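Trainee: Before we look at anything, could you walk me through how to read a structure of this kind, starting with the overall layout and then moving to local features?

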Amino acid sequence: MQPWLTVVGIGEDGYAGLGKAARHALLGAVEVLGGARQLDLLPRCIGARRSPWPSPFSLAPVLEKRGTPVCVLASGDPMLFGVGASLARQVAAEEMRVIPAPSSYSLAAARLGWPLQDVTLLSVVARPLAALNAHLHDGARLLVLSNDGTSPAAIAAQLAEHGFGPSRLTVLEHLGGERERRIEGIASDWSLAEAAALNLLAIEVRPADGTCPLPTTSGLPDEAYRHDGQLTKRDVRAITLARLAPRPGELLWDVGAGCGSIGIEWMRAHPGCRAIAVEANEGRQGHIRHNRDTLGVPGLQLVAGQAPAALDGLPAPDAIFIGGGVTEPGVLDRCWASLKPGGRLVANAVTLQSEATLVAFRERQGGALTRISIAQAQPLGDFDTWRSALPITLLDVTKDA
């Protein structure tokens, strides 16, 4: 099959920077689609009809032309946070040809002297800034594709707010073009209210004195969360996450989510991990919203409601954690029925009644029960003694494939 669709990456240097294959595809196209800025870079010799993307954005104008020679223009490398990746999900590889130009990331790394393999590539184009918070580690180098000219100032303010004010910022505008410009500064002292709309922000992350960046492992400090006491404590949380065993691309249901700690740390385990937090208490829903943004996983989906009814219509999970409500009629059975074959279910119990529910469930479905007892040394007069937390009974069961 001959490709009918060609996706052409174009830089700030416009048509002059395109290679022979890209020019040939544009000259032979019946229609060229792209952003207004990209279309304006084409010379008059391109006789194809020029169609800007519709608002709201949709791929329909391309997909409707299946079989007709069509070109799509994209900035830089179309397969890197670009429209090429979106098209590849709907157009077979043999129907589409991609001709990339150097990406903004590649150009930025070249200007800064940063080895690209050592840099984290991020985008806040139509994405929440809060996602950056998961990548704030001392010495980290981030290249962030900005949404617009206000992004650098907003990111600088967010860095300062979270204790990373000393981070060094470099705004790179119009990379690869005649108007290329570089602006540098420190996040806490950032004064540029608005850069050029087309810009990329480079960040060398540095914490302020007294700021301790969070680890990448599960079991974050309890102080990292805003909560009302409904929090799976640090050590138990680490054990629970180990039993849930997050894998890239998998979906977790966090049922009776409390402040959202299990779902949040599931998503922090890998960028591809997804989670849905189900919580009925309105105050705790607010804690979940705050915690997911602060800890860098704004994609955590919150379902406000009481299980099992709140589970209606949710996509089937690869793993389920039940941190609250195991004694609620139907919760355990509904979760088990919804779990994918090969999926893991983990439930924690504190009370005798909830423990009895887990024991009865294990008799029907199998699995392992573990008693977790944690004690911490605390002062007793002039000495120290062990203070035990309430023991936790953990059920861990895997559904037959």
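Mentor: The domain assignment of the protein divides it into domain 1 (5-102), domain 2 (105-205) and domain 3 (222-399). This is a predicted model, and the centres of domain 1 and domain 3, taken over C-alpha atoms, are separated by 46 Å.

Trainee: What box do the C-alpha atoms of the protein fill, and how many helices and strands does the protein have?

Mentor: Taken along the principal axes, the C-alpha atoms fill a box of roughly 80 × 55 × 35 Å, and the protein has 11 helices and 19 strands. Of the 401 residues in the protein, 45% are buried. Among contacts with a separation of 6 or more, 65% are accounted for by residues 24 or more positions apart.

Trainee: Which residues does the UniProt annotation "domain: Tetrapyrrole methylase" cover?

Mentor: That annotation, which comes from an unreviewed entry, covers residues 5-185. Over residues 5-185 the chain is 24% helix and 24% strand, with the end C-alpha atoms 43 Å apart.

Trainee: Turning to the interior, which residues touch the most other members of the largest nonpolar core?

Mentor: The general idea is that in soluble globular proteins nonpolar side chains tend to be buried together. Here the largest nonpolar core has 28 residues, and those touching the most other members are Tyr 225, Leu 244, Leu 252, Trp 266 and Leu 300. At least two residues of this core are supplied by each of helix 7 (234-244), helix 8 (261-268), strand 12 (274-279), strand 14 (319-322) and strand 19. Helix 8 gives the most to this core, with four residues. Apart from this core lies another, of 25 residues, among them Ala 310, Leu 311, Val 331 and Leu 339.

Trainee: Which residues does Leu 300 touch, if residues up to four places away in sequence are not counted?

Mentor: With those sequence neighbours left out, Leu 300 touches Gly 263, Ile 264, Met 267, Ala 275, Ile 276, Ala 277, Ile 288 and Arg 292.

Trainee: How should I read a single helix, and which residues of helix 11 are buried?

Mentor: A useful order is to take the span, then the faces, then the surroundings. Helix 11 (residues 352-365) has 14 residues and reaches 20 Å from its first C-alpha to its last, close to the 20 Å expected at 1.5 Å a residue. In helix 11, the buried residues include Ser 354, Glu 355, Leu 358 and Phe 361. These four lie on the same side of helix 11, because they cover an arc of only 120 degrees around the axis. On the other side of helix 11, Leu 352, Gln 353, Glu 363 and Arg 364 are exposed.

Trainee: What covers the buried residues of helix 11, and which residue follows the helix?

Mentor: The cover includes helix 10 (331-338), strand 15 (344-349), strand 16 (368-372) and strand 19 (392-398). Helix 11 is followed by Gly 366, whose phi is positive, near 85 degrees.

Trainee: Where are Phe 81 and His 174, and is each of them buried or exposed?

Mentor: For residues of this kind, I would take the backbone angle together with the location and the accessibility. Phe 81 has a positive phi of about 55 degrees although it is not a glycine, and it lies in the loop between strand 4 (70-75) and helix 4 (83-88). At 39% relative accessibility, Phe 81 counts as partly exposed. His 174, also not a glycine, has a positive phi near 50 degrees and is placed in the loop between strand 8 (168-173) and strand 9 (181-186). His 174 is buried, because its relative accessible area of 12% is under the 20% cut-off.

Trainee: Which residues does a cis peptide bond join, with omega about 0 degrees?

Mentor: That cis bond joins Ser 55 and Pro 56, and Pro 56 is found in the loop between strand 3 (49-52) and helix 3 (60-63). The peptide bond from Ala 307 to Pro 308 is also cis, with omega near 10 degrees, and Pro 308 is found in the loop between strand 13 (301-304) and strand 14.

Trainee: Finally, where does Ser 373 lie?

Mentor: Ser 373 lies in the loop between strand 16 and strand 17 (375-380), and at 56% relative accessibility it counts as exposed. Ser 373 and Leu 390 are 17 residues apart in sequence and, C-alpha to C-alpha, 7.1 Å apart in space.

Notes
Residues are numbered from 1 along each chain as its sequence is written. This is a predicted model: local features need pLDDT of at least 70, side-chain atom pairs count only at pLDDT 80 or more; totals for chains, interfaces and linings use all residues. Side-chain values use heavy atoms; hydrogens and water are left out. UniProt positions are given in the numbering used here, feature names are shortened, and annotations may be inferred rather than shown by experiment. The expected span of a helix is 1.5 Å times one less than its number of residues. Buried means under 20% relative accessible area, exposed over 50%, partly exposed in between (1.4 Å probe, protein chains only). The arc is that of the directions from the helix axis to the C-beta atoms. Contact means heavy atoms within 4.5 Å. Domain bounds come from an automatic or database domain assignment. A nonpolar core is a set of buried Ala, Val, Leu, Ile, Met, Phe, Trp, Tyr and Cys residues joined through side-chain atoms within 4.5 Å.
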